[in-house]
Structure formats: structure tokens, C-alpha cells
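Hi,

Here is the structure I promised to pass on. Have a look first, and then read on for what turned up in it.

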Amino acid sequence: MIGYSEVIQTMAAMIIFSMILLSANSMIHRNSMLQIDGELEQEVISLGQEIIEEARSKSFDNVTVNSSAPPAIIPGGFTAAGSLGADSGEGTRTAFDDFDDYDGWSTVMTTTHGDFDISVDVFYVDGTNFQPLGAPSTFKKIEVTVTSAFLREDDAPRQYVLEFIRNYYAD
């Protein structure tokens, strides 16, 4: 019986060690996944911020692009709410010359971290509560939505929306 108790103690020690090893392995896997998600989320923010900063560098509205004077009627002289987006001849992002040209623009950007789907919406907002308006205003809001097949929530890609509100008078 003496030999059996040592075998049982060894087996118990192996079971305890296995449980600790499984727990440590699970924790290492979880930390690795969190690190990868963090890197991908940094890329999402970088891509979205790049679009916002680029749009901010453009004129507020198409009527202010090459104009030395502001429109005669503000905000009524700005582009109609239903006409926001790229003008004819501005089919590519490099040709955009004003903030709202990005409305409706979308692309897939490929980086070292994979493919990212990017879509942009620009619309007029109310200056007090920043809710969407159907008429010109001195405030425009850009929403950049970025998704990646590798950043998932449930069974669908997680959407990241970066926003910026621009004021005509703050340019």
C-alpha cells in the first residue's frame, strides 16, 4: 500500500498542475487576443482620423472654394442639404476640394493589418444640439465608419464611427 499512496499523490499533483497550466494557457490566449484587437483598433482610429483631418483641410463648402468673399446669404448660400457630396469631375478623393465632397465616399484601405472598409457621411447639423438638419447650416458633421473582418461583435464586423463637427465661422 505504501507504493500506491505515492502514485496517488503524484497523480493528484499532475491533475493540479494540469489545471494550473490550462488556466495559464487560457489567460495567455486571452491577452494575445486583446493585444491583437488593440493593434487593429489603433489602425481603425488612425485611418478614420486621417480622413477627418484631410476633410478639415478643405474649404467648408463648394461656394467658398475659390472665393475671396463669403456667400451673400449665410447659411442659405451654401450647398443644398440634398446636394452634398462630390461634384462632377471630383470622382477621386485626391480631387475633393471641400468638406462635404466626402459625403457618400467609401473605399477599402489595405494596411499591414488587413483590409478596412471605410464609408463617410457628411450632413448639416443644428448648432445647439448637433442633430441632423435637412437645410443648410453653419455646422456640418462628418461621420467616418470603419469596419474590419477581424474586429467582430457577435457574428458581424464591429463598426467604429469617428465624428467631427465643423463650424463655418471657426475655420
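Two strands count as paired here if DSSP finds at least two bridges between them. In this predicted model, β1 (residues 106-111) and β2 are joined by six bridges and run antiparallel. The two strands make a hairpin, with two residues between them. If you would like a pair to start from, T111 has G114 of β2 as its bridge partner.

The hairpin belongs to an open sheet of four strands, ordered β1-β2-β3-β4 with antiparallel pairing. β1 and β4 are the edge strands, each pairing on one side only. From one strand to the next, the twist averages 25°. At the other end of the order, eleven bridges hold β3 and β4 in antiparallel pairing, and T145 stands opposite V161 in β4.

Now to the nonpolar residues. The largest nonpolar core has 21 residues, and those touching the most other members are I51, Y102, W105, I118, V120, I142 and V144. Two or more residues each come from α1 (2-56), β2 (114-124), β3 (139-153) and β4 (156-167). Which element gives the most to this core? That is α1, with six residues. I51 is a good place to zoom in: leaving aside residues up to four places away in sequence, I51 touches R93, Y102, W105, M109, I118, V120 and V144. Another core, of five residues, lies apart from the largest one and includes F60, F78, L84 and Y168.

R93, one of the contacts of I51, comes up again among the salt bridges, of which the structure holds eight. The side chains of R93 and E54 meet at 2.7 Å, N to O. Because R93 sits in the loop between α1 and β1 while E54 is in helix α1, this pair ties together parts 39 residues apart in sequence. R93 is also buried, with a relative accessible area of 18%.

A second pair worth a look is K140 with D61, whose closest N and O atoms are 2.8 Å apart. K140 lies in strand β3 and D61 in the loop between α1 and β1, so the pair ties together parts that are 79 residues apart in sequence. Both of these residues are buried. K141 forms a salt bridge too, with E143, at 3.7 Å between the closest N and O atoms; K141 and E143 are both buried. Finally, E50, E54 and R93 are joined into one network by salt bridges that share partners.

Happy browsing, and best wishes!

Conventions: Residues numbered from 1 in each chain as written. Predicted model: local features only at pLDDT ≥ 70, side-chain atom pairs only at ≥ 80, totals over all residues. Heavy atoms only, no water. Core = buried A, V, L, I, M, F, W, Y, C linked by side-chain atoms within 4.5 Å. Buried < 20%, exposed > 50% of the residue type's maximum accessible area, 1.4 Å probe, protein only. Contact = heavy atoms within 4.5 Å. Axes fitted to C-alpha atoms, helices over the stretch in contact; angles between N-to-C directions. Salt bridge = Lys/Arg side-chain N within 4 Å of Asp/Glu carboxyl O.
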